[in-house]
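Colleague: I would like a close look at one part of this model, namely the salt bridges between side chains and the helix packing that goes with them. Please take the pairs in turn, and say where each partner sits and how far it is open to solvent.

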Amino acid sequence: QLAEAGDHVLYFSLEQNCLEMITKSLSRITAKRDISTAVSAINIRRGHITQAVNDALKDYRLLADRISIIALNFDASINYIQGYIEQYIKRNETKPIVIIDYLQIVPPADPRQTNKDKIDEIVRALKKIQGNNDLVVFVVSSFNRTNYLAPVDFESYKESGGIEYTADVVWGLQLQIQNSELFNSEKKIKEKREAIRAAKEANPRKVELVCLKNRYGIANYSCGFNYNPVYDLFQPDPGYPGGDGDSKPQKRL
């Protein structure tokens, strides 16, 4: 969507390769065009190339020049990421949107560091890259397993306390069910697990984007989405309070 809007995008993927990322995009386009003829990413990779896929490929080609997917191995350091970004800016004379997917896989500069020290150092380094080059940088973070049954909050982020202080904006993605009264209590673990299991089995899956911090604007908002995991498609949830995926005040903040 950023590329469609005209931005250049550098997507540093440390877990999925280029083929996986591109076929996910093609699958998403087929679903947006016509869900009845949509093809999943796994089936595209298996060679199931229909007319819908060919049409999606034509759409993707229109913006492919503005998307760079950089599949990194587990040895790619923050210095490599910084060098790549600065060379891209120099060669293309444009400032790209940068996406890091995901934070916890970026290796430490010093292997003797604790996980928390490693994450804090990488977050600070990314903030420095962003500030020095006047960029927009999105960093994906995993959650602590201990917070899977709780509403999203700063404590949810895995070994990454520095995010709260360094990032300008912090969002959390959770199932909408986790914003219900059931999850406001530390008890009823079994009921929570059953509720989450049922929510994950639903298609579309009801999810919620929650703003936890916004340094320069309103922070108490959230947005609802319908997520179709087969085609990796997020769409605004018209049934979410506020309607049409509009924001609403977050009761917990």
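**Salt bridges and helix packing**

Modeller: Asp-59 is partly exposed, because its relative accessible area of 27% lies between the 20% limit for buried and the 50% limit for exposed residues. Please keep in mind throughout that this is a predicted model. The partner of Asp-59 is Arg-33, and the two side chains meet in a salt bridge with an N to O distance of 3.0 Å. This pair ties together distant parts of the chain, since Arg-33 belongs to helix α1 (residues 18–33) and Asp-59 to helix α3 (residues 51–64), with their positions 26 residues apart. Arg-33 is likewise partly exposed, because its relative accessible area is 47%, under the 50% above which a residue counts as exposed.

The two helices that carry this pair also pack against each other, their axes lying 9 Å apart at an angle of about 110 degrees. That angle falls in the range from 65 to 115 degrees, and α1 and α3 are therefore roughly perpendicular to each other. On the α1 side the contact is made by Ile-22, Ser-25, Leu-26, Ile-29, Thr-30 and Arg-33, while α3 contributes Ala-52, Val-53, Asp-55, Ala-56, Leu-57, Asp-59 and Tyr-60. Sorted by class, the residues of this contact comprise eight nonpolar, two polar and three charged ones. Both Arg-33 and Asp-59 are thus part of the helix contact as well as partners in a salt bridge.

The count of salt bridges comes to seven, and a second one to consider joins Asp-168 to Arg-215, whose closest N and O atoms are 2.6 Å apart. Here again the chain is bridged between distant parts, with Asp-168 in the loop between α6 (163–166) and β5 (169–175) and Arg-215 in the loop between β6 (205–214) and β7 (221–228), 47 residues apart. Arg-215 is partly exposed, because its relative accessible area of 37% falls between the limits of 20% and 50%. The pair does not stand alone, for Lys-127, Asp-168 and Arg-215 are linked in a network of salt bridges.

A third salt bridge is formed by the side chains of Asp-237 and Lys-206, at 3.2 Å from N to O. Asp-237 lies in the loop between β8 (233–236) and β9 (248–249), whereas Lys-206 is in strand β6, so that the pair spans 31 residues and links distant parts of the chain. The two partners fall into separate burial classes: Asp-237 counts as buried at 3% relative accessibility, whereas Lys-206 is partly exposed at 36%.

For a second view of helix packing, one may turn to α4 (residues 78–92) and α5 (residues 115–133), whose axes come within 11 Å and cross at roughly 10 degrees. As this is under 35 degrees, α4 and α5 are therefore roughly parallel to each other, and their crossing is right-handed. Ile-78, Gln-82, Ile-85, Glu-86 and Ile-89 of α4 meet Ile-122, Ala-125, Leu-126, Ile-129 and Asn-133 of α5, a contact with seven nonpolar, two polar and one charged residues. Helix α5 also holds Lys-118, which is buried because its relative accessible area is 10%, under the 20% limit. Beyond its sequence neighbours up to four places away, Lys-118 touches Gln-104, Val-106, Pro-107, Pro-108 and Gln-113.

How values were computed
Residues are numbered from 1 along each chain as its sequence is written. This is a predicted model: local features need pLDDT of at least 70, side-chain atom pairs count only at pLDDT 80 or more; totals for chains, interfaces and linings use all residues. Side-chain values use heavy atoms; hydrogens and water are left out. Axes are lines fitted to C-alpha atoms, for helices over the stretch in contact, and angles run from 0 to 180 degrees between N-to-C directions. Helices (H or I, at least four residues) and strands (E, at least two) are DSSP runs, numbered from the N terminus. Angles under 35 degrees count as roughly parallel, over 145 as roughly antiparallel, 65 to 115 as roughly perpendicular and the rest as oblique. A crossing is left-handed if the near helix is turned anticlockwise from the far one by less than a right angle, and right-handed if clockwise. Contact means heavy atoms within 4.5 Å. Ala, Val, Leu, Ile, Met, Phe, Trp, Tyr, Cys and Pro count as nonpolar, Asp, Glu, Lys and Arg as charged, and the others, Gly among them, as polar. Buried means under 20% relative accessible area, exposed over 50%, partly exposed in between (1.4 Å probe, protein chains only). A salt bridge is a side-chain nitrogen of Lys or Arg within 4 Å of a carboxyl oxygen of Asp or Glu.
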